[in-house]
Amino acid sequence: MKFFPTAFTFLLSTSAILAASALGDTQAAGAITLKEAARGKFHVGAAINTAQITGRDKRGDALLLEQFDSISPENCLKWERVHPRPGHYDFALPDAYVKFGVDHKMFVVGHTLMWHNQTPEWVFKNDKGEAVSKEELLKRLREHIATVVGRYRGKIGGWDVVNEAIDDNGQLRRDTPWYGILGEEGVFAAFEAAHQADPDAELYYNEYSLDNVPKRDAVLKLVKAIRARGLRIDAVGLQEHYLLTEPSAAAIDGYISAFANAGFKVMVTELDVTMLPRPNQYFGADIKQHFERRAELDPYEKALPADRQQALADRYAKVFAIYAKHHANIKRVTLWGVSDAQSWLNDWPILHRTDYPLLFDRDYRPKPAFNAAVKALQSTQ
C-alpha cells in the first residue's frame, strides 16, 4: 500500500500541540509524527508500563498518544502477574491496559501466553511439589489461555502466543518445564487454544537474536510446523534488541527476507538500541543474565555525547529504512518503551545503568534518532 501525504499529515492536531506544550516542546508544531510517517506501511507501537496504564505518567501518555497507534504491555499480561496463584486471576491492571488502548482506538497487543520466564512455579508442580504430568500441564495451559484471551475477545487485536521457545543453539528449550514436559506439543496446544478463545485475533510467535542462523532456521522450522498443523499463525515477532553496530543491516534485511520468502509476515515487536558495552561479550537477550556493575560499563551516566547521539541516529535511520523497504511484509514496529527513562536496558543485564536506547529522551523530547527514523520512513513511499 502506498502512502500519499495530505496537508493534514504535516499538521499537529490541537490536542497534539497541547501535548507538545505539556511535554516541554516535545516536537515543534507542524512536525510530522512517527505514526503519520508510518501510515500506509505498518503500525508503530510502544510497550507501556504501569504508570502509563494508570495515568500517573501524564507526559508519557501524552507522548504515547501523539506518536504511536499501537500498544504492548511490558508485564501486566505475563502469567506471574495475571495468574499468580491457582484459581486466582488479577485482571485489574490488564483491564485498564486494554481499556486505554480501546478508548484511544489503538491496536492492542497481548504479551505473552507461554514463556519459560515469568511463569510461577506452581504451574509446573502438583500438590506434592513434584512435576505435573503432561496431561495436567496441557490442561493448565489451555485453561489459562481460554480465560485470559477469552476475556479480551474482540479487544486485543493480536497475541504473542509463544515467546522464545528456541535457545541460542537452535534447539527447543527442553531444559525448561514447558518443553521438558510438553515438547513441541505445548507450542501447538497454545496456538490452538488461543484461536479457540478468540477466532478473530492475530496470533504470533515471538523470538530474539534471529541473526543467529541456527536459531533462525530452527524458528523457521517451528513456525512451518505450526502452519502445517493447520493452526493459525499470522506473523513472526522479531525482538530487535540491537547493539549500535550489530546485527548488521545486511543481516537484518536477510532474516526479514527469509521469513517473508517462507510466506510469513513479520513484526518488529521489541525495538531498542543499547548504547552501553556488554560485559563478557554477551550479546543475547535472556532476562536471567545479570552482571556486576563497573564504571567502565556505564560510561554515559551524566549524558550521551553528541557524537554518540549521531551514531544512534545513524543506526535508527538504517534500520527504519530496512523496515520501510519491507513494509509489504511487516505488520507492526513496536519500540520497547516510550522514553529512555522507562527502558528495561537501564537495569539489564546490569542494574542501575544509564542507557539511551529509544527515540525520546528522559524528558520526553525527541532525539536526533527520532528525526532520522521519520526521515527514513518518509523516504520510502
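How do α12 and α13 lie relative to each other: roughly parallel or roughly antiparallel? Let's work it out from this predicted model, and then turn to some of its charged pairs.

**Two helices side by side**

Helix α12 covers residues 306–325 and helix α13 covers residues 368–379. Their axes come within 8 Å of each other, with a crossing angle of roughly 25°. Angles under 35 degrees count as roughly parallel, so α12 and α13 are roughly parallel to each other. The crossing of α12 past α13 is right-handed.

If you would like to find this contact in the viewer, start on the α12 side with Gln-309, Leu-312, Ala-313, Tyr-316, Ala-317, Phe-320, Ala-321 and Ala-324. On the α13 side, they meet Pro-368, Ala-369, Ala-372, Ala-373, Ala-376 and Leu-377. Sorted by class, the residues in this contact are 13 nonpolar and one polar, with no charged residues.

**Salt bridges**

How many salt bridges does a search of the whole structure find? The search gives 15. Three of them are set out here, each with its closest N to O distance.

| Acidic residue | Basic residue | N to O distance |
|---|---|---|
| Glu-136 | Arg-140 | 2.9 Å |
| Glu-207 | Lys-215 | 3.4 Å |
| Asp-361 | Arg-365 | 3.1 Å |

Take the pair of Glu-136 and Arg-140 to begin with. Both residues sit in helix α7 (residues 134–151), and they are four residues apart, about one turn of the helix. Glu-136 has a relative accessibility of 27%, so Glu-136 counts as partly exposed. Its partner Arg-140 has a relative accessible area of 17% and is therefore buried, the cut-off for buried being under 20%.

Asp-361 and Arg-365 also form a salt bridge. Here Arg-365 is partly exposed because its relative accessible area is 37%, whereas Asp-361, at 16%, is buried.

And what about Glu-207 and Lys-215: are they buried or exposed? Glu-207 has a relative accessible area of 0%, so Glu-207 is buried. Lys-215 is likewise at 0% relative accessibility and therefore counts as buried. Their side chains meet in a salt bridge, and this pair has a further companion: salt bridges with shared partners join Asp-168, Glu-207 and Lys-215 into one network.

Terms used. Residues numbered from 1 in each chain as written. Predicted model: local features only at pLDDT ≥ 70, side-chain atom pairs only at ≥ 80, totals over all residues. Heavy atoms only, no water. Axes fitted to C-alpha atoms, helices over the stretch in contact; angles between N-to-C directions. Parallel < 35°, antiparallel > 145°, perpendicular 65-115°, else oblique. Left-handed = near helix turned anticlockwise from the far one by under 90°. Contact = heavy atoms within 4.5 Å. Nonpolar A, V, L, I, M, F, W, Y, C, P; charged D, E, K, R; others polar. Salt bridge = Lys/Arg side-chain N within 4 Å of Asp/Glu carboxyl O. Buried < 20%, exposed > 50% of the residue type's maximum accessible area, 1.4 Å probe, protein only.
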